[in-house]
Amino acid sequence: MHDSKVRRMSVDMECEYLTEDSKVRVYLSPVRGETKETVAEKAVVIALELFYSLAVTYFIGSWAIAAAYAERGYKAYGGEYLLIIFVFGLSFHFIRKFFENFRR
């Protein structure tokens, strides 16, 4: 015969289930649904993600523009702006993944 271990449940979580034709009682715990985030919580998380991404992008961008100016000797628009866009996208992606894993 299989021995099963009974786990302790809080009193408010227990639900009694009775079968119709037997004297067997099974105690089930209800399935808790995932809590839904409110619009304000989502807005705060997105604002934090954007802030951190922009902070990383600002420092990399200021370095890249200064390095490009020092290399060229004059102000121009070139590949450093592609680097800035790439850094923003990459940092936003990784910060978003961090927040998703951190909030679980």
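Let me start with helix α2, which gives the most to the nonpolar surface patch, with four residues; please keep in mind throughout that this is a predicted model. The patch covers about 690 Å² and is made by V56, I60, W63, L83, F86, L90 and F94, and both α1, spanning 39-72, and α2, spanning 79-102, supply at least two residues each. One member, L90, sits in helix α2, and because its relative accessible area is 38%, L90 is classed as partly exposed.

Turning now to the charged side chains, the count of salt bridges comes to three. In one of them R96 pairs with E49, with the closest N and O atoms 3.0 Å apart, and this pair links distant parts of the chain, since R96 lies in helix α2 and E49 in helix α1, 47 residues apart. The two partners are covered to unlike degrees: E49 counts as buried at 3% relative accessibility, whereas R96, at 30%, counts as partly exposed.

A further salt bridge brings together the side chains of E80 and R72, at 2.9 Å from N to O. Here again the acidic partner is buried, E80 having 8% relative accessibility, while R72 is partly exposed with a relative accessible area of 29%.

The remaining pair is K97 with E100, whose closest N and O atoms are 3.7 Å apart. These residues are three apart in helix α2, and therefore K97 and E100 are separated by about one helical turn. In this pair K97 is partly exposed at 39%, and E100 is likewise partly exposed, at 38% relative accessibility.

How values were computed
Residues numbered from 1 in each chain as written. Predicted model: local features only at pLDDT ≥ 70, side-chain atom pairs only at ≥ 80, totals over all residues. Heavy atoms only, no water. Patch = residues over 30% accessible without salt bridge, like charges linked within 9 Å, V, L, I, M, F, W, Y side chains within 5 Å. Areas by Shrake-Rupley, 256 points an atom, 1.4 Å probe, with all protein chains shown as cover. Salt bridge = Lys/Arg side-chain N within 4 Å of Asp/Glu carboxyl O. Buried < 20%, exposed > 50% of the residue type's maximum accessible area, 1.4 Å probe, protein only.
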